[in-house]
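Could you walk me through this model in my viewer, one selection at a time? I'd like to know what to click on next and what I will find there.

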Amino acid sequence: MLLTLLLTIAATACSPPTSTRTAGDDVPVHAAATRDDPRFEKTFRHAFADVDGVRMHYVKGGSGTPVVLIHGWPQTWYGWWPIMPELAEHHTVYAVDLPGLGDSTGSPTGYDKATLARYVHKLISDQLGVRDARVIGHDFGAAVAFQYAGQFPDDTARLGYLDLPLPGPAIDARTYRTLSWHIAFHSQRRVPEAVVDDDVREYLALFYPQVSFGGTAFGGTSDRSPFTDAEIDEYARTYSRPTALSGGFELYRALDKDVRDTVATAPVRVPALLMTAQGQLAAVQGTVAPRMTNIVRAVDVPKAGHWLVEENPRFVTAELLRFLDE
């Protein structure tokens with residue numbers, strides 16, 4: 001099939017659920033992945049809030065200074081779950097689903113990262129009253145976190161930036177789309193939706209190993225995925241919604257505006273932590289400088305490709321706690 005061919009060259013079907021449906025025993029579908037996990041039931045809860053016409057889903061738990069976790073593609077808040085229980089022993093953790101993605105519903109006015117940052121800020125600061133957030137983002141969530149800190153420096157205590165070349169003056173949108181086949185592919189209008197269609201789970205299952213440690217995106221041959229079948233099922237559940245599938249691709253289609261917004265944003269001066277895949281630190285750091293002028297620590301994550309949290313959760317947790325508690 002064309003989907004498999006695309007992935008090969010580059011190196012279940014399911015009905016779209018909504019957050020109001022149940023996953024059996026009257027458990028809302030958004031809670032199905034956490035229903036049998038005592039760590040979640042002890043500390044965390046699911047919640048929703050209306051933000052400018054978008055119903056945003058987030059998970060909250062723990063106590064202490066606030067930490068906001070922002071996911072990238074193709075993940076949801078659940079991508080942070082491997083490290084959330086330990087973070088919550090020291091901090092109040094807010095893991096959000098970006099507007100239009102995960103179990104957040106409705107369409108944001110744009111998928112550029114500056115716009116998404118304003119949605120997250122309205123949730124965290126305006127509705128939840130958090131004015132001193134430690135904002136941590138991964139993948140495109142890192143660009144959202146950068147914009148959060150850039151637009152709202154007085155409400156940002158610290159910035160964690162995980163594994164994303166920053167679209168901006170150091171790398172324009174045209175060049176950015178040449179970094180990987182999937183960036184160019186996802187940036188096309190309508191084409192990725194037509195190709196992926198109802199094969200979302202197969203697409204994700206084939207994609208995750210490519211950018212894992214030793215995967216084809218890093219010049220290797222490994223096809224090992226750091227995700228369990230249950231984790232892939234959870235991501236496929238949300239991205240199988242046609243609006244969420246398109247919303248995920250819109251993250252890539254917004255690259256031209258992301259570059260302009262980075263250029264227009266004043267340099268971020270809040271203390272920052274930079275973490276990347278093993279061997280990628282210099283390349284990524286070159287794109288964020290001089291837009292982040294107070295990087296207090298920069299490390300690559302041993303034995304990790306793009307999926308830092310899944311591939312080396314202990315290292316990532318230790319680095320985050322060290323940074324957040326300084």
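## A charge over a ring

Start by selecting Lys113 and Phe140: the charged end of Lys113 sits over the ring of Phe140, 4.6 Å from the ring's centre. Next, pick Arg55 and Phe48, where Arg55 lies over the face of Phe48 at 4.0 Å from the ring centre.

Before going further, colour the chain by confidence, as this is a predicted model. The average pLDDT over the chain is 93, and 92% of the residues score at least 70. Now select residues 1-20, where the pLDDT is below 50. Leaving aside near neighbours in sequence, this stretch has 39 contacts in the model.

## Rings that meet

Now turn to the aromatic side chains. Across the whole structure, a search finds 21 aromatic pairs. Two of these pairs are worth a visit.

For one of them, select Tyr78 and Tyr235. Their rings form an edge-to-face pair, with 6.2 Å from centre to centre and 65° between the planes. Why does this pair tie together parts that are 157 residues apart in sequence? Show the backbone around each ring: Tyr78 lies in the loop between β3 (65-70) and α3 (84-88), while Tyr235 belongs to helix α10 (residues 229-239), so the pair links those two parts. Are these two tyrosines, Tyr78 and Tyr235, buried or exposed? Switch on a surface and look for them: both Tyr78 and Tyr235 are buried.

For the other, select Phe227 and Trp307. This pair is edge-to-face too, at 5.2 Å centre to centre and with 75° between the planes. Both partners sit in loops: Phe227 in the one between α9 (200-210) and α10, and Trp307 in the one between β8 (295-301) and α14 (308-311), so parts 80 residues apart in sequence are tied together. Keep the surface on for a moment. Phe227 is buried, with a relative accessible area of 7%, and Trp307 is buried as well, with a value of 0%.

## Into the largest pocket

Finish at the largest pocket, which holds about 530 Å³ of space. To centre your view, select Pro165, Leu179, Ser180, His182 and Ile183, the residues nearest the pocket's centre among the 23 that line it.

Then highlight two helices, α7 (181-186) and α13 (281-288), each of which supplies at least two residues of the lining. Which element gives the largest share of the lining? Select α13, the source of three residues.

Conventions. Residues numbered from 1 in each chain as written. Heavy atoms only, no water. pLDDT = per-residue confidence, 0-100. Contact = heavy atoms within 4.5 Å. Phe/Tyr/Trp six-rings, centres within 6.5 Å; stacked < 30°, edge-to-face > 60°. Helix = DSSP H or I, 4+ residues; strand = E, 2+ residues; numbered from the N terminus. Buried < 20%, exposed > 50% of the residue type's maximum accessible area, 1.4 Å probe, protein only. Lys NZ or Arg CZ within 6 Å of the ring centre and 35° of its normal. 1 Å grid on protein atoms, 1.4 Å probe; cavity = no way out; pocket = protein on both sides within 12 Å on 5 of 7 lines; lining within 4 Å. Points joined across faces, edges and corners; volume = space filled by probe spheres on them.
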